[in-house]
Amino acid sequence: MSRQLRAALMLCLIVGVIVGAARSEPPGSTSAAAETTQQVSPKVPERLLSLVPATTDGKAPVAEVDDAGTRRLNGRDGPTVALTFDDGPHPEQTPQVLRILREYDITATFCVVGEMARLYPKLVREIADDGHRLCDHTITHDTSLPDKPDDVIEDEIGGTLDAIEDAVRGVDVPFFRAPGGNFAANVNDVAAEHDQVPLGWSVDPGDWRKPGARAIHDYVAEHVHPGAIVLLHDGGGDRAGTVEALPAIIETLLAAGYEFVLPRA
């Protein structure tokens, strides 16, 4: 037998063994490639799920609407949670947040500062085009707004509405959020004149302090409750920790049975 013929027979034998082994793989077994894919697929660790209170026991820590008329809960039934993002739009961080929300098919509320809306109108349009809600967060983010005259309050609230309208004609802006959470009756009254609901929150991880992604995630997971409104930031400073924490927050709450919603206006 020639050398070439022996080599050809040996090659055929090797191929036959490989094909036979593949065909003999039992139903339901996992190939090496599939095993690799499953190992890479993200799963929510038990440590993270263990942080989330049982939804049946998760009582809201605040009233749905407080004495000043500020909405503190999202107003939806069941284990629901609303994400809100303040102080944008930011040219780098807001697109990152939008991309993550798009990947998970989640809508949120963006409380935009008028000065930033003037600088980045395309981002305001992108927020609206993605189906998110817009919220008026004043022109200059003046945390002492309740101490200002009514005409200054009007300029802060009305001016932001003008900036949003210039970016997205005819868009609805159903909410107002006071800078620093300093809601007061006089401020809320001006917002009401613009048909805006004062929008507060019930879960604040303090992400603006930059405690790190894990701390931001864990705080939200530990304090979430049915009807929660979560305060996060996409602007106003370095929000890398918030951006990093966001996918884990979403995955943990989804795994715990929460539905992401928009607050009731």
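Is R214 buried or exposed? With a relative accessible area of 56%, R214 is exposed, where exposed stands for over 50% relative accessible area, buried for under 20% and partly exposed for what lies in between, computed with a 1.4 Å probe and protein chains only. The structure is a predicted model, in which local features need pLDDT of at least 70 and side-chain atom pairs count only at pLDDT 80 or more, while totals for chains, interfaces and linings use all residues. Residues are numbered from 1 along each chain as its sequence is written, and side-chain values use heavy atoms, with hydrogens and water left out.

Taken as a whole, the protein has ten helices and seven strands, these being DSSP runs numbered from the N terminus, of H or I with at least four residues for helices and of E with at least two for strands. Of its 265 residues, 43% count as buried, and the protein exposes about 13500 Å², of which carbon and sulfur atoms supply 53%; such areas come from the Shrake-Rupley method with a 1.4 Å probe, and for residues only the protein chains shown count as cover. Among the contacts with a separation of 6 or more, 76% are accounted for by residues 24 or more positions apart, contact meaning heavy atoms within 4.5 Å.

Strand β3 (residues 133–136) offers a view of the interior through L134, which counts as buried at 1% relative accessibility. Leaving aside neighbours within four places in sequence, L134 is in contact with a set of residues that includes F110, V112, V124, I127, I164, V171 and F175. The C-alpha atoms of L134 and T84 are separated by 9.7 Å, although the two residues are 50 residues apart along the chain.

Charged side chains give a second route through the model, which holds nine salt bridges, each defined as a side-chain nitrogen of Lys or Arg within 4 Å of a carboxyl oxygen of Asp or Glu. One of them joins D166 and R118, with the closest N and O atoms 2.5 Å apart; because D166 lies in helix α7 and R118 in helix α5 (residues 114–119), this pair ties together parts that are 48 residues apart in sequence. Both partners count as partly exposed, D166 at 43% relative accessibility and R118 at 45%.

The exposed R214 meets D218 in a salt bridge at 3.6 Å, N to O, and the two are separated by about one helical turn because they are four residues apart in helix α9 (residues 213–223). D218, at 12% relative accessibility, counts as buried. In the salt bridge between R71 and E64, at 2.9 Å from N to O, the arginine R71 is buried with a relative accessible area of 9%, whereas E64 counts as partly exposed at 38%. Elsewhere, R102, E126 and D130 are linked in a network of salt bridges.

On the surface, D150, D151, D155, D189 and E193 gather in a patch of negative charge. The elements that give two or more residues to this patch are α7 (150–167) and α8 (185–193), and α7 gives the most, with three residues. D189 is found in helix α8 and is partly exposed, with a relative accessible area of 49%. Patches are made of residues with over 30% relative accessible area and no salt bridge, like charges being joined within 9 Å and nonpolar side chains (Val, Leu, Ile, Met, Phe, Trp, Tyr) within 5 Å.

Technical notes. Lys and Arg count as positive and Asp and Glu as negative; His and the chain ends are not counted. The place of a charge is taken as NZ of Lys, CZ of Arg, CG of Asp or CD of Glu.
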